[in-house]
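Colleague: I would like to learn how to read the features of a model, one at a time. Could you walk me through this one?

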Amino acid sequence: MEAAKTVVVKIGSSTLIDENGALDRSYLKALAKQVERLRDAGWRPVIVSSGAIACGLKELRIAERPTDMPTLQAAASVGQSVLSTAYAEIFGARDIQTSVILLTRHDTANRHAYLHARDTLERLVSLDVVPIVNENDTVSVEEIRFGDNDTLAALVACLIKADLCVIFSDIEGLYTSNPQTDPDAQLLREVDFVSEAIMASAGGAGSKVGSGGMITKIKAARVLMVAGIPLVVCHGRRANALVDLAAGESVGTRFVAQRKAHEITPRKLWIALGDAARGALVVDDGAKRALIAKGSSLLPVGIVRVEGSFDAGDVVDLKDTADHVFARGLVAGSSDEVSLARGRAQSEVDANKLLANLAHKPIVHRDELVVFE
């Protein structure tokens, strides 16, 4: 008997919420029917669901999305109850048991909490439960401001080693240009490499009820491609999108790596997705080539500039001189130490008493580095 496959499905607010700002229960009923068919076909779905804030604003009769944090968090608290109840009732009508998992960046930034979240998700799936995962917007200030459940979906997919990740959006997929302004824009059916041009072409936040945009989906795709997990971005209201995808049909834009996926450890996946970058290291062309082509660690001599404020052990992005992020890793020293060490040969660093913390070790070790190219 063929082993069950796991699919992570992210549903954005623009898909879940109707034109009146209310939760679209008819859409949820259609989704439950698709999930039932997926399970019958041997798939184990996990849903990453946005919509808590939008639901809360509707319940509280707040017409416009507020900008103050306490109101947003209050709306999230009210809306999460509405959202969870709707999933439980509508899916339960088809004998599908759901559960609620609320995560914050604190949960994923901590290595032990990250692993516990993984174990819980895996156990729920093995018990034939459909977990409904969301960011805990009631307490997570950063996620409300810059929220993107696209990243959360990629994290969940990596946690449980999913066979497929699907992001439902209010657009068909990734286009050659903005389809709202360019009538000649063409849908890209498959992307096997996230180039600098693709990153640069992505816009900002999309709908008024959501907080993500195409850029967050592309960043999620970039990490999933490293992990060897296909990602599909498609219109969430396309009829039977999940059923068709499970049957192998072409829907939306499929991101799949051209080359064989890297042998990426759970620790590296945690580095790539588990915590927000605290800063960035801008490196010269030689250092970039060595990191990508030779599997090298990052030495001080290759660092051109230090951005942000961080401590030793924090996650930082690695950029080239064109400001393109091509890697992410754990930094061995603080931003002050790295600023002092940048551009220096290792012998100079070793001889400097102020840089004793960085003596005889790279700024970012290869074992703690994730390269996206």
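Colleague: How many bridges join strand E1 to strand E5 (residues 164–169)?

Modeller: Gladly, and please keep in mind that this is a predicted model. E1 and E5 run parallel, and 5 bridges join them. Within that pairing, valine 7 stands opposite leucine 164 of E5.

Colleague: Which strand pairs with E1 over 7 bridges?

Modeller: That is strand E2 (residues 43–49), again in the parallel sense. Valine 7 turns up here too, with proline 45 of E2 opposite. As a general idea, side chains in a regular strand alternate between the two faces of the sheet. As for cover, E1 spans residues 5–11, and 6 of its 7 residues are buried.

Colleague: Let me step back to the whole protein. How many helices and strands does it have?

Modeller: There are 15 helices and 13 strands. Of its 373 residues, 52% count as buried. The accessible surface comes to about 17,000 Å², and carbon and sulfur atoms hold 48% of that. For contacts with a separation of 6 or more, 72% are between residues 24 or more positions apart.

Colleague: Now a helix. How many residues of helix H8 are buried?

Modeller: The idea is to count residues under 20% relative accessible area. In H8 (residues 149–159), 11 of the 11 residues pass that test, so the helix is largely enclosed by the rest of the structure. Among them are polar residues such as Asn149, Asp150 and Thr151, as well as Leu152, Val156 and Cys158. After H8 comes lysine 161, which has a positive phi near 55°.

Colleague: What is the strand order in the open sheet of 5 strands?

Modeller: Read it across the sheet: E10-E9-E11-E12-E13, with mixed pairing. At the edges sit strand E10 (303–308) and strand E13 (369–371), each pairing on one side only. From one strand to the next, the twist averages 20°. Take E11 and E12 as an example: 5 bridges link them in the antiparallel sense. One of the paired positions is valine 315, whose bridge partner in E12 is leucine 330.

Colleague: Where does histidine 324 lie?

Modeller: Histidine 324 is in the loop between strand E11 (315–319) and strand E12 (325–330).

Colleague: Is histidine 324 buried or exposed?

Modeller: Its relative accessible area is 7%, so histidine 324 is buried, the cut-off being under 20%. Leaving out residues up to four places away in sequence, histidine 324 touches Glu196, Met199, Lys288, Leu318, Lys319 and Glu373. Sequence separation is worth reading as well: serine 195 is 129 residues away along the chain, yet the C-alpha atoms of the two residues are separated by 9.7 Å.

Colleague: Which residues is aspartate 24 in contact with, leaving aside neighbours within four places in sequence?

Modeller: Aspartate 24 contacts Leu16, Asp18 and Arg237. Its place is in the loop between helix H1 (13–16) and helix H2 (25–40). With a relative accessible area of 12%, aspartate 24 is buried.

Colleague: One last feature: rings. How many aromatic pairs does the structure hold?

Modeller: In general, a pair of aromatic rings is described by the distance of the centres and the angle of the planes. This structure holds 1 aromatic pair.

Colleague: And which residue lies over the face of phenylalanine 372?

Modeller: Arginine 222 does, at 4.1 Å from the ring centre.

Definitions and conventions. Residues numbered from 1 in each chain as written. Predicted model: local features only at pLDDT ≥ 70, side-chain atom pairs only at ≥ 80, totals over all residues. Heavy atoms only, no water. Helix = DSSP H or I, 4+ residues; strand = E, 2+ residues; numbered from the N terminus. Buried < 20%, exposed > 50% of the residue type's maximum accessible area, 1.4 Å probe, protein only. Contact = heavy atoms within 4.5 Å. Areas by Shrake-Rupley, 256 points an atom, 1.4 Å probe, with all protein chains shown as cover. Phe/Tyr/Trp six-rings, centres within 6.5 Å; stacked < 30°, edge-to-face > 60°. Lys NZ or Arg CZ within 6 Å of the ring centre and 35° of its normal. Pairing = 2+ DSSP bridges. Axes fitted to C-alpha atoms, helices over the stretch in contact; angles between N-to-C directions.
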